[in-house]
Amino acid sequence: MVIGTDIDRAREELARAESIVALTGAGISAESGVPTFRGQDGLWRNYSATDLATPEAFASDPRLIWDWYQWRRELIAKTTFNAGHSALVRLEAGVADFLLITQNVDGLHKSAGSKALIEIHGNIWTTRCTGCGEIREDRRLDMGLPPRCRCGGLLRPDVVWFGEALDAAAMSKAQAACARCDLMLVVGTSALVQPAASFPLIAKQNGAKIMEVNLERTPISSWADYSFFDKASLVLPRLVLPQP
């Protein structure tokens, strides 16, 4: 394992790879000022995310849940993508077979310009009608609480809540990309939450190099080929140089 010092070798490895998957988590967004909304720092009016991000909570009190999501949307609206997000956009542009898988729902990768993107937990700026099923982007900060669809049905955030299954087609695409990639970047995630935690293992078992960028050691660190313990906004621009 190389820790933080062999950035030139890692950059060459990245440049040689013909198929790359990047997996990102809350760490890359935290550098833009997006709170994690989980754990002690995520408490809101004495509620935890695990109390609010469930279908049961929404069915019981949709206004309360939307009040929480509206507060989150207002916080995220004040942020923007950082140099780490931009480096991944440049990486995508230079690789024929590239996929970015993110656990984040803030939409910053999309705002930065990423196109080969799977948001496995959804996007906080997208709504889904519980009546007609329409899914649409809505970035208004004053939607009315709780907001309603044009059909009159109740809208919900189009995100995956605790107890809900991830989209099967998206998962299949993500797993296939992990199985065939030459190199996988794991950025800003503890690699503990399933099923995303299994993606680096799939890649490693199929012969891919694993390159980790995180502030501290994770369960991946003991078997990653490269581990860089610093901010993604500092490391990724050094790994992915601007195109000549």
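## Arg-180 and its partner

At 46% relative accessibility, Arg-180 counts as partly exposed, because it lies between the 20% below which a residue is buried and the 50% above which it is exposed. In this predicted model, Arg-180 forms a salt bridge with Asp-97, and the closest N and O atoms of the two side chains are 2.8 Å apart. The pair links distant parts of the chain, since Arg-180 belongs to helix H8 and Asp-97 to strand S3, with their positions 83 residues apart in the numbering. Asp-97 is likewise partly exposed, its relative accessible area being 24%.

## Helix H8

Helix H8 covers residues 168-180, and at 1.5 Å a residue its 13 residues should span 18 Å; the C-alpha atoms at its ends are 19 Å apart, which agrees with that expectation. At the start of the helix, a side-chain oxygen of Asp-167 reaches to within 3.3 Å of the backbone nitrogen of Ala-169.

Which residues of H8 are buried? They are Ala-170, Met-171, Ala-174, Ala-177 and Cys-178. Seen down the axis of H8, these buried residues fall within an arc of 130°, so they line one face of the helix. An α-helix has 3.6 residues a turn, so residues three or four places apart point the same way. On the other side of H8, Ala-168, Ala-169 and Lys-173 are exposed.

The buried residues of H8 pack against several elements, namely strand S2 (19-24), strand S3 (97-102), strand S4 (117-119), strand S8 (183-187) and helix H9 (199-205). Strand S3 therefore appears twice in the surroundings of H8, as a packing partner of its buried residues and as the element that holds Asp-97, the salt-bridge partner of Arg-180.

## Other salt bridges

Side chains of opposite charge can pair when their charged atoms come close. With a cut-off of 4 Å between a side-chain nitrogen of Lys or Arg and a carboxyl oxygen of Asp or Glu, the count comes to 12 salt bridges.

One of them joins the side chains of Asp-158 and Arg-128, at 2.4 Å from N to O. This pair also links distant parts of the chain, with Asp-158 in strand S7 (residues 155-159) and Arg-128 in strand S5 (residues 122-129), 30 residues apart. Asp-158 counts as buried at 17% relative accessibility, whereas Arg-128, at 25%, counts as partly exposed.

Another salt bridge is formed by Arg-139 with Glu-137, the closest N and O atoms being 3.4 Å apart. Arg-139 is partly exposed at 40% relative accessibility, and Glu-137, at 49%, is partly exposed too.

Key:
Residues are numbered from 1 along each chain as its sequence is written. This is a predicted model: local features need pLDDT of at least 70, side-chain atom pairs count only at pLDDT 80 or more; totals for chains, interfaces and linings use all residues. Side-chain values use heavy atoms; hydrogens and water are left out. Helices (H or I, at least four residues) and strands (E, at least two) are DSSP runs, numbered from the N terminus. The expected span of a helix is 1.5 Å times one less than its number of residues. Buried means under 20% relative accessible area, exposed over 50%, partly exposed in between (1.4 Å probe, protein chains only). The arc is that of the directions from the helix axis to the C-beta atoms. Contact means heavy atoms within 4.5 Å. A polar contact is a pair of N or O atoms within 3.5 Å; within protein, one must be able to donate a hydrogen and the other to accept it, and residues adjacent in sequence count only if both atoms are side-chain atoms.
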